[in-house]
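Colleague: I would like a close look at one part of this model. Please keep it brisk and take me through the sheet and what surrounds it.

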Amino acid sequence: MACTCEVIGLACVVALILSVSAKAPYQMRMFFIFFGAGAIVMLCVPFMMLRPRDYRNALVPSWCFRQLCRLMGITMEVRGLENVRAGHGSVVIMNHQSALDLCVLSYLWPVIGRGTVVAKKEILYLPFFGFGAWLWGTLYINRSRKTDSINSLQKEAKAIQERNCKLLLFPEGTRNSKDTLLPFKKGSFHIALQSKCPIQPVVISKYAFMDDEKKTFRPGHALIQILPEVSTEKYEKDDMQQLIDDCRSIMQTEYTKLSKEGLALSSNKQS
């Protein structure tokens, strides 16, 4: 126990140093985020094993990770909580920027409902974190085998109907930090149409405080906007592309607006 406390204390000191030093190397900050996430999950795994595959297992790790991000000077604000409907399941689609999206999930998890994340199978093999994520219900899919992906997502479509799950996905399919969202892939919309559940767009402002290409990472603030649900009732399978275009248009408009505001807030935080 003493050893664990010493590790946590050292981690807090390092995080505080990183938050104060705007010039701390990008690699050091990213390493600390991954190391911190793994350490948090490692400490929580024994308790999560008491109720495997339960979304509530992520609540404590989420709280801890939010504190870790705050120590490093990274804060986020969730808006649009009035748009969350707990009475039914939905497909939650989000823009995907970087590994820091893990922080976004830690803010969303306590407020979105019975969350389930869809992730690539490779994440399962990350030390501690992969197994911990499985324990809180993450669905791992093998992108290289289309039949496996479809079968897994069909199971999730059934879970949305039967257990009011909120299935969180990144329709861009890969990380994108540019001003324009990438074209959306069809998987999320297949599930929504199959289960006839609504789509809940969630938009995260551009991380103005970090740049993966230039390897810069400073303290900053990001905005998370939960938008009103998009009903799929009027869309049929043949209308899927129209549904995709409608959702992407809504999210692009909000992304542009939020990013301008987020840039101003991050600039104030760094000055």
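Which residue in E4 does Ala 119 stand opposite?

Modeller: Ala 119 stands opposite Tyr 140 in E4. Keep in mind that this is a predicted model. Ala 119 sits in the pairing of strand E3, residues 114–120, with E4. Three bridges join these two strands, and they run parallel.

Now the whole sheet. It is open and has seven strands, in the order E1-E9-E6-E2-E5-E3-E4. The pairing is mixed. E4 (139–141) is one edge strand, and E1 (74–79) is the other. Each edge strand pairs on one side only. Neighbouring strands are turned against each other by 20 degrees on average, direction ignored. In general, strands of a sheet pair through backbone hydrogen bonds, in either the parallel or the antiparallel sense.

Move along the order to E6, which covers residues 199–204. In the sheet order, E6 stands between E9 and E2. Its two pairings run in opposite senses. With E2 (residues 90–94), E6 runs parallel, and four bridges join the two. Val 91 has Ile 199 of E6 as its bridge partner. With E9 (residues 220–226), E6 pairs in the antiparallel sense over three bridges. There Ile 204 stands opposite Ile 224 of E9.

E6 is also mostly covered. Six of its six residues are buried. Both faces are covered. One side carries Ile 199, Pro 201 and Val 203. The other side carries Gln 200, Val 202 and Ile 204.

Helix H8, residues 240–270, lies across E1, E2, E6 and E9. H8 runs at about 150 degrees to E9. Inside this helix, Glu 254 and Lys 257 form a salt bridge, with the closest N and O atoms 3.5 Å apart. The two are three residues apart in H8, about one turn of the helix. Their surroundings contrast. Glu 254 counts as buried because its relative accessibility is 10%. Lys 257 counts as exposed because its value is 52%. Glu 77, Arg 79 and Glu 261 are linked in a network of salt bridges.

Next, the loop between E6 and strand E7 (210–211). Lys 206 lies here and forms a salt bridge with Asp 179, the closest N and O atoms being 2.8 Å apart. Asp 179 is in the loop between strand E5 (165–169) and helix H7 (187–195). The pair links distant parts of the chain, 27 residues apart. Lys 206 is partly exposed, because its relative accessible area is 26%. Asp 179 has 52%, so it is exposed.

One more pair is away from these elements in the numbering. Arg 56 and Asp 54 meet through their side chains in a salt bridge of 2.7 Å, N to O. Arg 56, at 38% relative accessibility, counts as partly exposed. Asp 54, at 14%, counts as buried. The count of salt bridges comes to five.

Finally, the chain as a whole. It has eight helices and nine strands. Buried residues make up 49% of its 271 residues. Among contacts with a separation of 6 or more, 77% come from residues 24 or more positions apart. The accessible surface is about 13,700 Å², and 60% of that belongs to carbon and sulfur atoms. On the surface, Met 42, Leu 43 and Phe 128 form a nonpolar patch, with about 270 Å² of accessible area together. Leu 43 lies in helix H2, residues 26–48.

Notes
Residues numbered from 1 in each chain as written. Predicted model: local features only at pLDDT ≥ 70, side-chain atom pairs only at ≥ 80, totals over all residues. Heavy atoms only, no water. Buried < 20%, exposed > 50% of the residue type's maximum accessible area, 1.4 Å probe, protein only. Pairing = 2+ DSSP bridges. Patch = residues over 30% accessible without salt bridge, like charges linked within 9 Å, V, L, I, M, F, W, Y side chains within 5 Å. Areas by Shrake-Rupley, 256 points an atom, 1.4 Å probe, with all protein chains shown as cover. Salt bridge = Lys/Arg side-chain N within 4 Å of Asp/Glu carboxyl O. Contact = heavy atoms within 4.5 Å. Axes fitted to C-alpha atoms, helices over the stretch in contact; angles between N-to-C directions.
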